[in-house]
Amino acid sequence: MSSELRPPEPWHSFLRDLDDALQVPARLDCIGGFVVTQLYGLARPTADVDVIELAPREASEALMQIAMQGGPLHRKHRIYLDRVGVAAIPENYEERLTEMFPGAYRHLRLMALDPYDIALSKLERNSQKDRDDVRYLSRTVPFSLPTLQQRYEAELRWQLGRPDREDLTMKLWMEMLAEK
C-alpha cells in the first residue's frame, strides 16, 4: 500500500481541480484500475477513476458534469471520472472501505474498496485485464482464498444474473490463484 499523501501527476492536479469545484464534503467510492495502480502499486496505464458511489447526491451531478469523459477536466488533464453502474459489488463493501490519500484534499474523500471486493467486482466481466489485476492483488495482498470464496458465496453470488456461469468463473479463478 502506498504511503504517499497524494497521488502522482496528473492524478493530483485532476483531483485538486475536482476538490476546488466542491462547496461541500463529497465521498467517491472507487474501484478498478485506479485503485489497483495507486493503492496497490500495479504498473499499468489507466485513464479513469471508476466510481460506484458519489455522495452526497447534490454534489455528484456537479462533479460528473465537469469530470466525466469529454468534460472540462478530462480535456485539461486527459483523465476522467467514470460512474460504473453495472458492476456487481459484495453487499457489505462500505464496511471495508479504506481512505486513499487522507487529508490531501479539502472536500474530496477518495474511498477504495478492499482488495477482495475489487477482485469480485471484476468477476462478471472476466477480461484478461481483470484476471491480471486479480492475480496481482492476490500476490500483493496476499489473498486468503477461503476468504475470497466465502465473500463470493455470502455477499455476491445472490446478486448475479447468471450465478451458474459465475460459479464456473470463480472455480477457474481459484485454480488460477492457487498456482504459484
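# Questions about a predicted model

Student: Leaving aside neighbours within four places in sequence, which residues is Gln 69 in contact with?
Tutor: This is a predicted model, so let's read contacts straight from its atoms, counting heavy atoms within 4.5 Å. Once the neighbours within four places in sequence are set aside, the contacts of Gln 69 are His 74, Tyr 80 and Leu 81.

Student: Is Gln 69 buried or exposed?
Tutor: Start with where you'd look for it: Gln 69 sits in the loop between α3 and α4 (72-77). Its relative accessibility is 53%. Exposed means over 50%, so with 53% Gln 69 counts as exposed.

Student: How far apart in space are Gln 69 and Arg 162, C-alpha to C-alpha?
Tutor: Along the sequence, Gln 69 and Arg 162 are 93 residues apart. In space, going from C-alpha to C-alpha, the distance between Gln 69 and Arg 162 is 30 Å.

Student: What about Asp 130, buried or exposed?
Tutor: Asp 130 belongs to helix α6. Its relative accessible area is 0%. Buried means under 20%, so at 0% Asp 130 is buried.

Student: And which residues does Asp 130 touch, not counting those up to four places away in sequence?
Tutor: Use the contact rule again, heavy atoms within 4.5 Å. Skip residues up to four places away in sequence, and Asp 130 touches Lys 122 and Arg 125.

Student: Let's step back. How many helices and strands does the protein have?
Tutor: You can walk along the chain from the N terminus, where the elements run α-β-α-β-α-α-β-β-β-α-α-α-α. Tally each kind, and the protein has eight helices and five strands.

Student: Why is the protein said to be as compact as a globular protein of that length?
Tutor: For 180 residues, the globule rule gives 16 Å. The protein is as compact as a globular protein of that length because its own radius of gyration is close to that value, at 16 Å.

Student: What does the C-alpha trace span along its principal axes?
Tutor: Here we take the C-alpha trace and follow its principal axes. The spans come to about 45 × 30 × 30 Å.

Student: What percentage of the residues count as buried?
Tutor: Remember that buried means under 20% relative accessible area. Apply that to the 180 residues of the protein, and the share that counts as buried is 49%.

Student: And how much of the area that the protein exposes do carbon and sulfur atoms supply?
Tutor: The protein exposes about 9200 Å². Of that area, carbon and sulfur atoms supply 50%.

Student: How many aromatic pairs turn up in the whole structure, and what kind is the pair of Trp 11 and Phe 34?
Tutor: A search of the whole structure finds two aromatic pairs. In one of them, Trp 11 and Phe 34 are 4.9 Å apart centre to centre, with 55° between the planes. Trp 11 is in helix α1 and Phe 34 in helix α2 (residues 33-38), 23 residues apart, so this pair links distant parts of the chain. Planes under 30 degrees apart would be stacked and over 60 edge-to-face, so at 55° the pair is tilted.

Student: Why does the pair of Tyr 116 and Phe 143 count as stacked?
Tutor: The ring centres of Tyr 116 and Phe 143 are 4.4 Å apart. Tyr 116 lies in helix α5 and Phe 143 in the loop between α6 and α7 (145-156). Both Tyr 116 and Phe 143 are buried. The pair counts as stacked because its planes meet at 20°.

Student: Where is Phe 101, and what is its phi?
Tutor: Phe 101 lies in the loop between β4 (98-100) and β5 (108-112). Phe 101 is buried, with a relative accessible area of 7%. It isn't a glycine, yet its phi is positive, at about 55°.

Student: Is Asn 126 buried, exposed or partly exposed?
Tutor: Asn 126 is in the loop between α5 (115-121) and α6 (128-140). Asn 126 also has a positive phi, about 50°, without being a glycine. Buried means under 20% and exposed over 50%, so at 23% Asn 126 is partly exposed.

Student: Last one: what is the peptide bond from Ala 55 to Pro 56, cis or trans?
Tutor: Pro 56 sits in the loop between β2 (48-55) and α3 (57-67). The omega of the bond from Ala 55 to Pro 56 is near 5°, and the bond is cis.

Conventions. Residues are numbered from 1 along each chain as its sequence is written. This is a predicted model: local features need pLDDT of at least 70, side-chain atom pairs count only at pLDDT 80 or more; totals for chains, interfaces and linings use all residues. Side-chain values use heavy atoms; hydrogens and water are left out. Helices (H or I, at least four residues) and strands (E, at least two) are DSSP runs, numbered from the N terminus. Buried means under 20% relative accessible area, exposed over 50%, partly exposed in between (1.4 Å probe, protein chains only). Rings of Phe, Tyr and Trp (its six-membered ring) pair if their centres lie within 6.5 Å; planes under 30 degrees apart count as stacked, over 60 as edge-to-face and the rest as tilted. The radius of gyration is taken over C-alpha atoms; the globule rule is 2.2 Å times the number of residues to the power 0.38. Accessible areas come from the Shrake-Rupley method with a 1.4 Å probe; for residues, only the protein chains shown count as cover.
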